[in-house]
Amino acid sequence: MTVDVHQFPCLDDNYGFLLRDRASGMVACVDTPDADRILAEMKALGWGLDLILNTHWHPDHAGGNARLMEATGARAIGPAEVQGHYPVDEIVADGDQFVLGETAVRVMDSGGHTLGHIVYHLSDDAMLFVGDTLFPMGCGRVFEGTAEQMWASLDRLSRLPEETRVYSAHEYTLGNAQFACSVDPSDAVIERAATVTDMRARGEPTVPTTIGEERATNPFLRASLLAIARDAASEAEAFARVRAAKDEFKG
């Protein structure tokens with residue numbers, strides 16, 4: 001492993017992430033949900049900040065850019081959609097690569113939640129920072145894109161190696177598990193829901209997850225197998241049905 005990850009809760013249900021390249025000591029934060037909390041965590045660790053990696057333009061993901069850039073001199077990297085909302089120094093898109101010290105980072109398109117959403121893949125460390133695209137047992141709402149676009153993004157991520165650790169930006173897993181049990185009451189889903197319930201009762205985070213766990217128990221990656229969508233004409237249509245059901249789910 002070439003990178004240390006420091007994960008911490010902030011705001012109501014967000015997670016912040018600080019990544020430190022072991023070889024160089026360079027540090028990046030993934031998104032900027034709460035600049036003051038990020039600065040406090042950095043101080044406690046004795047870390048600086050070199051890069052800000054935005055996944056999309058929403059305020060709880062890029063709203064702290066200006067404060068952190070001013071306080072630390074860090075450079076902000078993100079998709080073009082961040083421009084016009086918050087400061088960003090370098091625009092990146094699908095297929096772009098850069099380094100954090102000696103750690104290679106690859107950009108992957110994951111539009112759907114927002115049109116220009118991206119994720120950051122650290123393949124050498126089997127890490128994926130996904131913002132609001134993929135959650136444990138869930139996925140982001142389709143605010144700006146289409147169901148087809150969101151499904152294409154999820155399908156692409158699901159094809160990464162199953163050991164890939166997935167760092168999602170929110171703690172939504174209890175609600176996601178309740179919905180998953182309602183549409184996919186398989187033994188694996190019910191067992192994972194029980195585990196999630198116990199973890200949250202102990203105050204433990206359910207993030208990160210893995211691609212393998214999500215393939216096995218995430219209803220959005222299994223949509224075409226579920227009764228609610230088994231007769232859908234395509235996998236994208238199956239996903240759309242499950243996403244619509246989740247949007248209306250009351251728990």
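This dialogue walks through the cavity, pockets, one helix and the salt bridges of a predicted model.

Trainee: What should I keep in mind about how the values were obtained?

Mentor: This is a predicted model, so to speak of local features we need pLDDT of at least 70, and side-chain atom pairs count only at pLDDT 80 or more, while totals for chains, interfaces and linings use all residues. Residues are numbered from 1 along each chain as its sequence is written, and side-chain values use heavy atoms, with hydrogens and water left out.

Trainee: Let's start with empty space. How many cavities of 30 Å³ or more does the structure hold?

Mentor: The general idea first: rolling a probe the size of a water molecule over the atoms shows where empty space is left. On a 1 Å grid over the protein atoms alone, a cavity is a set of points where a 1.4 Å probe fits but cannot get out; a pocket is an open set with protein on both sides within 12 Å along at least five of seven lines; lining residues have an atom within 4 Å of a point. Grid points are joined across faces, edges and corners, and a volume is the space filled by probe spheres set on the points. Here there is one cavity of 30 Å³ or more, and the largest cavity has a volume of about 60 Å³.

Trainee: Which residues lie nearest the centre of the largest cavity?

Mentor: Tyr15, Val30, Asp31, His61 and Ala169, out of 13 lining residues. Two or more lining residues come from each of β2 (14-21), α2 (59-62) and β10 (127-131). Those labels are DSSP runs numbered from the N terminus: helices are H or I with at least four residues, strands are E with at least two.

Trainee: And what lines the largest pocket?

Mentor: That pocket holds about 280 Å³ of space and has 18 lining residues, with Phe135, Cys139, Arg141, Tyr172 and Lys246 nearest its centre. The largest share of its lining, three residues, comes from α8. By class, the lining has five nonpolar, seven polar and six charged residues (nonpolar: Ala, Val, Leu, Ile, Met, Phe, Trp, Tyr, Cys and Pro; charged: Asp, Glu, Lys and Arg; polar: the others, Gly among them).

Trainee: How does the length of helix α4 compare with the expected span?

Mentor: The expected span is 1.5 Å times one less than the number of residues. For the 12 residues of α4 (residues 147-158) that should be 16 Å, and the end C-alpha atoms are 16 Å apart, which agrees.

Trainee: Now the charges. How many salt bridges does the count come to?

Mentor: Side chains of opposite charge can pair when their charged atoms come close. The rule asks for a side-chain nitrogen of Lys or Arg within 4 Å of a carboxyl oxygen of Asp or Glu, and the count comes to 14. One of them joins Arg67 and Asp36 at 3.0 Å, N to O. Arg67 lies in helix α3 (residues 65-72) and Asp36 in helix α1 (residues 35-45), so the pair ties together parts 31 residues apart in sequence.

Trainee: Is Arg243 buried or exposed, and what does Arg243 pair with?

Mentor: Arg243 is buried, at 6% relative accessibility (buried is under 20% relative accessible area, exposed over 50%, partly exposed in between, with a 1.4 Å probe and protein chains only). Arg243 forms a salt bridge with Asp247, their closest N and O atoms being 2.7 Å apart. Both lie in helix α8, four residues apart, about one turn of the helix. Asp247 is partly exposed at 35%, and Arg141, Arg243 and Asp247 are linked in a network of salt bridges.
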